[in-house]
There are 2 protein chains.
Amino acid sequence: MASAATIANSSTAKTHMAEAPMTEEDVCAHVRDSVLERRLAPGTKLTEESLCSIFGVGRTTVRRAFLLLKRDNIVDLHRNRGAVVASPTPAEARDVFESRRMIEHALLQQAASTIAPASITALEDHLEQERTALTAGDVGRWIRLTGDFHLHLARLAGNRVMLEFLKQLVFQTSLIVALYGPSNNGSNCSGGDHAKIVAAMRDGDLSSAQDILDSHLREIEAQLEFNKPEKQNDLVSAFAPMRSA
Amino acid sequence: MASAATIANSSTAKTHMAEAPMTEEDVCAHVRDSVLERRLAPGTKLTEESLCSIFGVGRTTVRRAFLLLKRDNIVDLHRNRGAVVASPTPAEARDVFESRRMIEHALLQQAASTIAPASITALEDHLEQERTALTAGDVGRWIRLTGDFHLHLARLAGNRVMLEFLKQLVFQTSLIVALYGPSNNGSNCSGGDHAKIVAAMRDGDLSSAQDILDSHLREIEAQLEFNKPEKQNDLVSAFAPMRSA
DNA sequence: TGCAGGCAAATTGTCAACAATTTATGGGTA
DNA sequence: TACCCATAAATTGTTGACAATTTGCCTGCA
């Protein structure tokens, strides 16, 4: 145990740098990112000691992070039993996808009313990045980008509150797909749908964009199989390839 | 200081009862309720010592509660400066109301698809409770009920995730109205609108219900005045008339 | 072998003392 | 009076030790 491979400040080995200590938000961000890129599987036990040594922070910080992650349904906390990466139930999965359809439908409408040509260009750039990551075989990055696409759409609506809500749902979706997603392939957010949505938005065809987004989400949900075994991950390797917040 | 008037277990003075200690969720619930009923004004400083003695818990618990309340935008935390009841900016207020329109619009549609006669009856019961509280002059209870009405509607949609989101927005709304609401009267959620919504739902007229709900929220938002002084509350009295969670 | 009981190790929960920072107070001077 | 600076008080942040609980392991017995 206690592999002192701290991720924090891994580059500034022992210089005179200020060594800004990680906060609970930083730990949360790392865990969230690991969940998003499927390096942390649902059901994985997260001990305080592990995260302390991995991130080089005290128990207090890890403890606070757990509290916040629980609030976001990313971990489950059981008294005297510690933290476990959450395993959404099929019922919760249904609610998450239904919520995403409602929220993204509404956000698309809002975005369409004030969209600028530059925003369309930015979306097309994002599509290009998705393709690049996919052809390069960087699965983790590709998974992250497909999630970010939906957040990009949401940002166009200019509503911070809704954006935060959708963020939570994207993380939940990652857990759900990790649990119940099709194991044969890794493609659940097919790039084609994303491109079609951007095209519809560029043409000013809101209802088409909404329809495509809706069926896009329904399709992913339909591919879920609610009878699969769980996995377990190694913590250190799961957190290792992390970029700074 | 340190008025040892603990709210927790106020009835079981010193009996042999188990004296279940309050958890951070309990403290959160109390603060949220106080915000909801306008006994805690935005800008009020919440010191750890105060809440410790009021609720009879240790600093650890209060600290955890602060963290969760910050996550919900109910308090602001500044390092070394403690917790303050949040004061949403006009921009945030705009986002909150826009979010409520989006979310409640979608939830109403969802609810309409599977609504049962019994649910309508329950809604009408709620309307009656609102009227009773209003005529009885129990303003705190009435304010809470007007908020609960919207949550009742949301519950009909059967989506826990969206219900939680709306809960957060209702609390935010309470802060916003406390800050910028019309000071001349106390009526911002006029009972008439609520009754009209229920009537439309009973008649199976979804779009009417949606329209009324939409304009209902727009009306409240339009009444906001974004140039008012803040208030400050006494903590003990603010938390005193609390019912158990 | 299979299982119940109990001991030991590991993990989590709690608390109090101490450190760091901010806020309040009280002269002293222009 | 108004302002500034130094000191004191109050509040928040952190750490470590200790308590409570769970978990794994090992023995003993049927």
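In chain B of this predicted model, three strands form an open sheet in the order 1-3-2, with antiparallel pairing. The edges of that sheet are strand 1 (45–46) and strand 2 (75–78) of chain B, each of which pairs on one side only. Strand 1 of chain B is joined by 2 bridges to strand 3 (residues 82–85) of chain B, and these two strands run antiparallel. Within this part of the sheet, B:Leu46 stands opposite B:Ala83, which belongs to strand 3 of chain B. Helix 3 (residues 59–71) of chain B packs on the sheet and touches strand 1, strand 2 and strand 3 of chain B, while its direction makes about 115° with that of strand 2 of chain B.

Helix 2 of chain B comes next. This helix (residues 48–55) is largely enclosed by the rest of the structure, because 6 of its 8 residues are buried. The buried residues in helix 2 of chain B are B:Glu48, B:Leu51, B:Cys52, B:Ser53, B:Ile54 and B:Phe55. Just after helix 2 of chain B comes B:Gly56, whose phi is positive, at about 70°.

In chain A, strand 2 (residues 75–78) and strand 3 (residues 82–85) pair in the antiparallel sense over 4 bridges, and A:Leu77 stands opposite A:Ala83 of strand 3 of chain A. The same two strands form a hairpin with 3 residues between them, and the turn contains A:Asn80, with a positive phi of about 65°. That positive value occurs in a residue other than glycine, and A:Asn80 is exposed, with a relative accessible area of 75%.

Chain B also has a residue with a positive phi that is not a glycine, namely B:Asn73, at about 60°. B:Asn73 lies in the loop between helix 3 and strand 2 of chain B, and it is partly exposed, with a relative accessible area of 46%, a value that falls between the limits of 20% for buried and 50% for exposed.

The surroundings of DNA strand D involve both protein chains. In total, 14 residues surround DNA strand D, and the closest are A:Thr60, A:Asn80, B:Arg59, B:Arg63 and B:Asn80. The hairpin residue A:Asn80, which sits in the loop between strand 2 and strand 3 of chain A, is therefore one of the residues closest to DNA strand D, and its exposure was noted above. Helix 3 (59–71) of chain A, together with strand 1 and helix 3 of chain B, each supply at least two residues of the surface near DNA strand D. By class, this surface has 2 nonpolar, 5 polar and 7 charged residues.

Of the atoms of DNA strand D within 4 Å of the protein, 78% belong to sugar or phosphate, and the rest belong to bases. The table lists polar atom pairs between residues of chain B and DNA strand D.

| Residue | Protein atom | Atom of DNA strand D | Distance |
|---|---|---|---|
| B:Glu48 | backbone N or O atom | phosphate oxygen | 3.2 Å |
| B:Arg59 | polar side-chain atom | base nitrogen | 2.8 Å |
| B:Arg63 | polar side-chain atom | phosphate oxygen | 2.3 Å |

B:Glu48 thus appears in two settings, as a buried residue of helix 2 of chain B and as a residue with a backbone N or O atom 3.2 Å from a phosphate oxygen of DNA strand D.

Terms used: Residues numbered from 1 in each chain as written. Chains lettered and ligands numbered in written order. Predicted model: local features only at pLDDT ≥ 70, side-chain atom pairs only at ≥ 80, totals over all residues. Heavy atoms only, no water. Pairing = 2+ DSSP bridges. Contact = heavy atoms within 4.5 Å. Axes fitted to C-alpha atoms, helices over the stretch in contact; angles between N-to-C directions. Near = heavy atom within 4 Å. Polar contact = N/O pair within 3.5 Å; in protein donor to acceptor, adjacent residues only side chain to side chain. Nonpolar A, V, L, I, M, F, W, Y, C, P; charged D, E, K, R; others polar. Buried < 20%, exposed > 50% of the residue type's maximum accessible area, 1.4 Å probe, protein only.
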